[in-house]
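Dear colleague,

Please find below the structure that I am handing over to you. My notes on what was found in it follow directly after.

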Amino acid sequence: GIPKGCRFGFRPARTHTTASARARSVPGSMTSVKRPLEERPIITLDLLIATRENTKAIGFFVDDTVTNPGLGIPFYKTVLEGANYKEATWKDQACVRTSQIHWRDDHSVMWLERHMEMTQGFILMGKNPGLFVLGEPTHDREELDEKHRALPDPKTTKAYILPAGCGIIIKKGTWHDFPVSTGPPVSAFILNTEEVVEALASMPTAAPMNHGDCFKLRLSDHWDFTLHFPDPRPFVQKHGLVPGPVAQPLMGPEGYGFNMCRQEVKAGWGNGGKVFVVPVVNVEVFAPGCGGPGIQPHLQSVPELANKGWRDYGNRRGLQRLAQMFKDLGIPATAVVNSEAAKVDYVAKALKESGWEMGAHGLNNSSGNAKMTREEEEGHFKHCLDDLQASLGARPATWLTPGFSVTERTPQIAAASGIKAFMDYVDDDVPYDVVDSESGARMLCLPYCMETNDFSLVLTKNMDARQYAQTIEDHVRQLAKESGEERVVCLGMHTFVAGTPARVLALAEALGRLKALPGVRFATASQVHDLVRKGQK
């Protein structure tokens, strides 16, 4: 069932495609509509900054450039006048008004309309841009039959970001929807006709129209897919099209991903343990020539040997050294493994002999999830988990995304992929569940502590081996003194940082002292998951 307190979001279709991936045709785009809406694929339009050049087929771009200058009016000696737009017309009665357009969470394109007897105009006022979905005219395309001349062509429909202070006068027959906010409110000066405005305002509810010069289609009646535009906020921020920062709730309304909500874990699951320490050994490889963490980052020559060799040392020697340390201490650990690393013979051998839990860490540490479509990310999860199962003999149920390079959909896809323990969040000392409000799938989040991570302590704070180990020990000791619910500390360590001789020596001593500390337990991620689930029954 659906857990209480979860927020519902728009349900995505099963497959997602970018406009650039549509190639030459869109399957089922103008066929008889048969599939239910929730089963139709989603096509996501690419975002373009509108310019005079890329809008020629759909309208007349308006900015501070005087078009066709040379009109001479003797009264205005200091004015550069441009000629009238020859094709611009507003039929019998022009209608001029202003609108302020606010943000909407739904990014689907539900309606498109066209006018054959006027050229509608939009001028953006103020400091904020607007988004326009515009499709090239189809009424005069000789290669189309009569039916398809009355429909927009998805291959020539695009999402344009019109900069603030600019405008567009759309040509007769251009398919369009009303402008959309790109985050902050956008104000528009609109040129229309009384006929069209009265027809739109007279509709009791939103419905298809064919009234005079207003021909409006509900796209779901004609297309066997749904059309979306991406969230424009990152785009306008990146390109400097807005004057200030734009609020972007990129990880869903609660901050835990699309359709995901947080649920607290009831205390008392630890069977007397107060602090559960989960050593998390990152086993990573990096794409050749793409760089990565460095011990001497100033070395930038290509090919680069020193930093690459330092990283490779981790898998060749550091991994085995850490495995022996944990074996000698009798402490369990979880390895989160790039699936490409597990294909290296000596890495796979060391992992199989370690006795650790095997978790997943993406394909490699050069390819994050951040720019993936849903379809690509689902394939990424499957590829990684399938390969790790083939290389190491078991399918992982623990996940850490490489470099925290996530999308809003990553937690939902992880849960749907069978992940039980999830370590992408760093915001607490206690475990908690994240639950898909749609499917009910849940994962246990084990906060991945940034304060005890070897990257944080060694590469960022430049601690020596003793300081690194002592900070970990102090962190756990303090938590063990505190009252209340059970705590979890994920000790993130990398084979090429924590696995060096000096750090292993200091770390082994600190972990040995913690092992003897009352209330402290060492465990794998899956062991903590099982304890929590058993305590919830």
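Two strands are said to pair if DSSP finds at least two bridges between them. With that in mind, and noting that this is a predicted model, I begin with a strand that has two such partners.

Strand S12 covers residues 157-162. Strand S11 (130-135) pairs with S12 in the antiparallel sense, over six bridges. In that pairing, Leu131 has Ile161 of S12 as its bridge partner. Strand S3, residues 47-49, also pairs with S12, here in the parallel sense and over three bridges. Ile161 appears again in this second pairing, as the bridge partner of Ile49. How many of the six residues of S12 are buried? Five of them are, so the strand is largely enclosed by the rest of the structure.

The loops on either side of helix H1 (146-149) hold a salt bridge that may interest you. Arg141 and Asp153 form this bridge, and their closest N and O atoms are 2.8 Å apart. Arg141 lies in the loop between S11 and H1, whereas Asp153 lies in the loop between H1 and S12, so that the pair links distant parts of the chain, twelve residues apart. Are these two residues buried or exposed? Both Arg141 and Asp153 are buried. They also belong to a network of salt bridges in which Arg141, Glu143, Asp153 and Lys155 are linked.

The count for the model comes to 26 salt bridges. Two further examples deserve mention. The side chains of Arg233 and Asp231 meet at 2.6 Å, N to O. Arg233 has a relative accessible area of 8%; because buried means under 20%, Arg233 is buried. Asp231, at 23%, is partly exposed. In the other example, the side chains of Asp428 and Arg262 meet in a salt bridge, again with 2.6 Å from N to O. This pair links distant parts of the chain: Asp428 sits in the loop between strand S25 (421-422) and strand S26 (432-436), Arg262 sits in strand S20 (residues 260-264), and their positions lie 166 residues apart in the numbering. Asp428 counts as partly exposed, with 28% relative accessibility.

I turn next to a pair of helices. Two packed helices are described by the angle between their axes and the distance between the axes. For helix H4 (residues 306-329) and helix H5 (residues 345-354), the axes come within 10 Å and cross at roughly 5 degrees. Angles under 35 degrees count as roughly parallel, which means that H4 is roughly parallel to H5. On the H4 side, the contact is made by Asn315, Arg316, Leu319, Gln320, Ala323 and Lys327. These meet Tyr346, Val347, Ala350, Leu351, Glu353 and Ser354 in H5. By character, the residues of this contact divide into six nonpolar, three polar and three charged.

Finally, I draw your attention to Val528, which lies in helix H11 (residues 525-536). Val528 counts as buried, at 0% relative accessibility. Which residues does Val528 touch, not counting those up to four places away in sequence? They are Trp269, Phe276, Val278, Leu444, Leu446, Val488 and Ala523. Phe61 is 467 residues from Val528 along the chain, and the C-alpha atoms of the two are separated by 60 Å.

With kind regards

Technical notes
Residues are numbered from 1 along each chain as its sequence is written. This is a predicted model: local features need pLDDT of at least 70, side-chain atom pairs count only at pLDDT 80 or more; totals for chains, interfaces and linings use all residues. Side-chain values use heavy atoms; hydrogens and water are left out. A salt bridge is a side-chain nitrogen of Lys or Arg within 4 Å of a carboxyl oxygen of Asp or Glu. Helices (H or I, at least four residues) and strands (E, at least two) are DSSP runs, numbered from the N terminus. Buried means under 20% relative accessible area, exposed over 50%, partly exposed in between (1.4 Å probe, protein chains only). Axes are lines fitted to C-alpha atoms, for helices over the stretch in contact, and angles run from 0 to 180 degrees between N-to-C directions. Angles under 35 degrees count as roughly parallel, over 145 as roughly antiparallel, 65 to 115 as roughly perpendicular and the rest as oblique. Contact means heavy atoms within 4.5 Å. Ala, Val, Leu, Ile, Met, Phe, Trp, Tyr, Cys and Pro count as nonpolar, Asp, Glu, Lys and Arg as charged, and the others, Gly among them, as polar.
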